[in-house]
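User: I am new to this structure and would like a close look at one part of it, the aromatic ring pairs, followed by whatever helps to place them in their surroundings. Please take your time and connect the details as you go.

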Amino acid sequence: NFPGGNTGTQMGGWFRREINSVADLNGLKMRIPGLGGQVMDRFGVSVQLITGGEIYQALERGAIDAAEWVGPYDDIKLGFDQVASYYYYPGWWEPGPGLSFYVNREAWDKLPAGYQAAFTAAARVADQAMMTGYDAKNPAALAELKQKGSVELRRFSDEILQAAQREAFALMEETAAGDAGYRKVFEAWKQFREDSYAWFSLAENGYSGFALQNV
């Protein structure tokens, strides 16, 4: 597995009406796949799995009430601001969604060392380029959305974020209980997460908490 790209924390998606509490999610029809969709299902959301090219039409027709995609740069190109007014954040299900390259182990071991080095370097460049690209493009796209005046940026309430965190971890624990392979990865991930949080809660969080407080 070679990390090959990342968007950074994504947005929480486009909603046709306000969502202030977990109760407001009940009965909502939302396009959201993966773990986020499984958690939303526990909140009573009718999870819809539709492709990116079909989201606009589904929102416009009222076939769905909400949809998540990526962030300002990608979302504005698909015109979601024309069919939904409330733009929520953060996308708690994708705080750092990564793209990866996977190589068959036996095939990898047969490659000359120079080819292995070239592939590894290319993956690292792709990973960094995608991250910096989104960091550069999202601010301008967000500013454009704000200038239109038809979009209301809303932060998910603490109630929703806390409930989502509880349900996400409950879901992962349940999955790990019945899958030894999943358990192995999950436990290693949890330890790495705790170690990382111990560091990021200091310098990174300390700086951003001060520097961004008036933004």
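Analyst: A residue is called buried when its relative accessible area is under 20%, exposed when that area is over 50%, and partly exposed in between. The model is a predicted one, and these words are applied to it throughout what follows.

The aromatic pairs number 14 in this structure. One of them joins Phe-2 and Phe-119, whose ring centres are 5.1 Å apart and whose planes meet at 75°, so the pair counts as edge-to-face. Phe-2 belongs to strand β1, residues 2-6, while Phe-119 belongs to helix α6, residues 113-148, so the contact ties together parts that are 117 residues apart in sequence. The two partners can also be described by their cover: Phe-2 has a relative accessibility of 16% and therefore counts as buried, whereas Phe-119, with a relative accessible area of 30%, is partly exposed.

A further pair is formed by Phe-15 and Phe-156, with ring centres 6.0 Å apart and planes at 85°, so this pair is edge-to-face as well. It links distant parts of the chain, since Phe-15 sits in strand β2 (residues 13-15) and Phe-156 in the loop between β8 (152-155) and α7 (158-177), 141 residues apart. Both Phe-15 and Phe-156 are buried. These two residues also take part in a wider arrangement, for ring pairs connect Phe-15, Tyr-88, Trp-92, Trp-93 and Phe-156 into a cluster.

The strands named here lead on to the sheet. An open sheet of six strands runs in the order β4-β3-β5-β2-β6-β8, and its pairing is mixed; strand β2, which holds Phe-15, is thus one of its members. Its edge strands are β4 (46-48) and β8, each of which pairs on one side only. Towards the β4 end, strand β3 (residues 29-31) pairs with β4 in the parallel sense over three bridges, and Met-30 has Val-47 as its bridge partner in β4.

Strand β3 also carries a charged contact, one of the 14 salt bridges in the structure. Lys-29 forms a salt bridge with Asp-65, their closest N and O atoms being 3.6 Å apart. Because Lys-29 lies in β3 and Asp-65 in the loop between α3 (52-61) and β5 (66-67), the pair ties together parts that are 36 residues apart in sequence. Here too the cover of the partners can be given: Lys-29, at 28% relative accessibility, counts as partly exposed, while Asp-65 has a relative accessible area of 12% and is buried.

An aromatic residue appears again in helix α8 (residues 180-200), which contains Phe-200. With a relative accessible area of 41%, Phe-200 is partly exposed, and together with Trp-199 and Leu-202 it makes a nonpolar surface patch of about 350 Å². The helix also holds a salt bridge, in which the side chains of Glu-187 and Lys-190 meet at 3.8 Å, N to O. Glu-187 and Lys-190 are three residues apart in helix α8, so about one helical turn separates them, and Glu-187 is partly exposed at a relative accessible area of 33%. These two residues join Glu-173 and Arg-183 in a network of salt bridges.

Methods:
Residues numbered from 1 in each chain as written. Predicted model: local features only at pLDDT ≥ 70, side-chain atom pairs only at ≥ 80, totals over all residues. Heavy atoms only, no water. Patch = residues over 30% accessible without salt bridge, like charges linked within 9 Å, V, L, I, M, F, W, Y side chains within 5 Å. Areas by Shrake-Rupley, 256 points an atom, 1.4 Å probe, with all protein chains shown as cover. Salt bridge = Lys/Arg side-chain N within 4 Å of Asp/Glu carboxyl O. Helix = DSSP H or I, 4+ residues; strand = E, 2+ residues; numbered from the N terminus. Buried < 20%, exposed > 50% of the residue type's maximum accessible area, 1.4 Å probe, protein only. Phe/Tyr/Trp six-rings, centres within 6.5 Å; stacked < 30°, edge-to-face > 60°. Pairing = 2+ DSSP bridges.
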